[in-house]
Amino acid sequence: FRSGCVGETGSAVVAAEQLALATDPAVRAALGEIVADEARHAELAWLTVAWALEVGGEPVLRAVTDALRDATHDAPEAGDVLAPGLRAELLASPNRLGRDEAVAVIARAVDEVVRPCAARLLGSSCSM
């Protein structure tokens, strides 16, 4: 759940924000492909969790609820989404999100996308 639903959703949203800032046509084209790719990964993750909930019953529901609570309460890490171990100074550029901006975008994605999607999947069992 954390890597697929949260991570891929966050990656798609960060890439979309980067695309909005980019001015170079080649960079915009690459980011457009990344946004589409990450969105497909996120969609597959959400569909997989929905399937697991359908066939797995109560044990899967508890596991997903716990994973959701843990994933949405931990502070997002921009390095996890942008590239593991990426140094903050490499993120600084006029046409690129900085680390703090990327963390804020990920937090917003969790609030605006991950939590509502999870609430739909989990129904009244969702205690985030």
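1. A67 is found in helix 2, where helices are DSSP runs of H or I with at least four residues, numbered from the N terminus. At 25% relative accessibility, A67 counts as partly exposed, because that class lies between buried (under 20% relative accessible area) and exposed (over 50%), with a 1.4 Å probe and protein chains only. The C-alpha atoms of A67 and R2 are separated by 6.7 Å, although these residues are 65 apart along the chain.

2. This is a predicted model, in which local features need pLDDT of at least 70 and side-chain atom pairs count only at pLDDT 80 or more, while totals for chains, interfaces and linings use all residues. Residues are numbered from 1 along each chain as its sequence is written, and side-chain values use heavy atoms, with hydrogens and water left out.

3. Helix 2 spans residues 25-73 and also contains T65. T65 counts as buried, because its relative accessibility is 9%. The side chain of T65 reaches the backbone oxygen of L61 at 2.8 Å.

4. Helix 1 (residues 2-21) packs with helix 5 (residues 99-122) at an angle of about 120 degrees, their axes being 9 Å apart. Helix 1 is therefore oblique to helix 5; angles under 35 degrees count as roughly parallel, over 145 as roughly antiparallel, 65 to 115 as roughly perpendicular and the rest as oblique.

5. The contact (heavy atoms within 4.5 Å) is made by C5, V6, T9, G10, V13, V14 and E17 of helix 1 and by A102, V105, I106, R108, A109, V110, V113 and V114 of helix 5.

Conventions. Axes are lines fitted to C-alpha atoms, for helices over the stretch in contact, and angles run from 0 to 180 degrees between N-to-C directions. Helices (H or I, at least four residues) and strands (E, at least two) are DSSP runs, numbered from the N terminus. A polar contact is a pair of N or O atoms within 3.5 Å; within protein, one must be able to donate a hydrogen and the other to accept it, and residues adjacent in sequence count only if both atoms are side-chain atoms.
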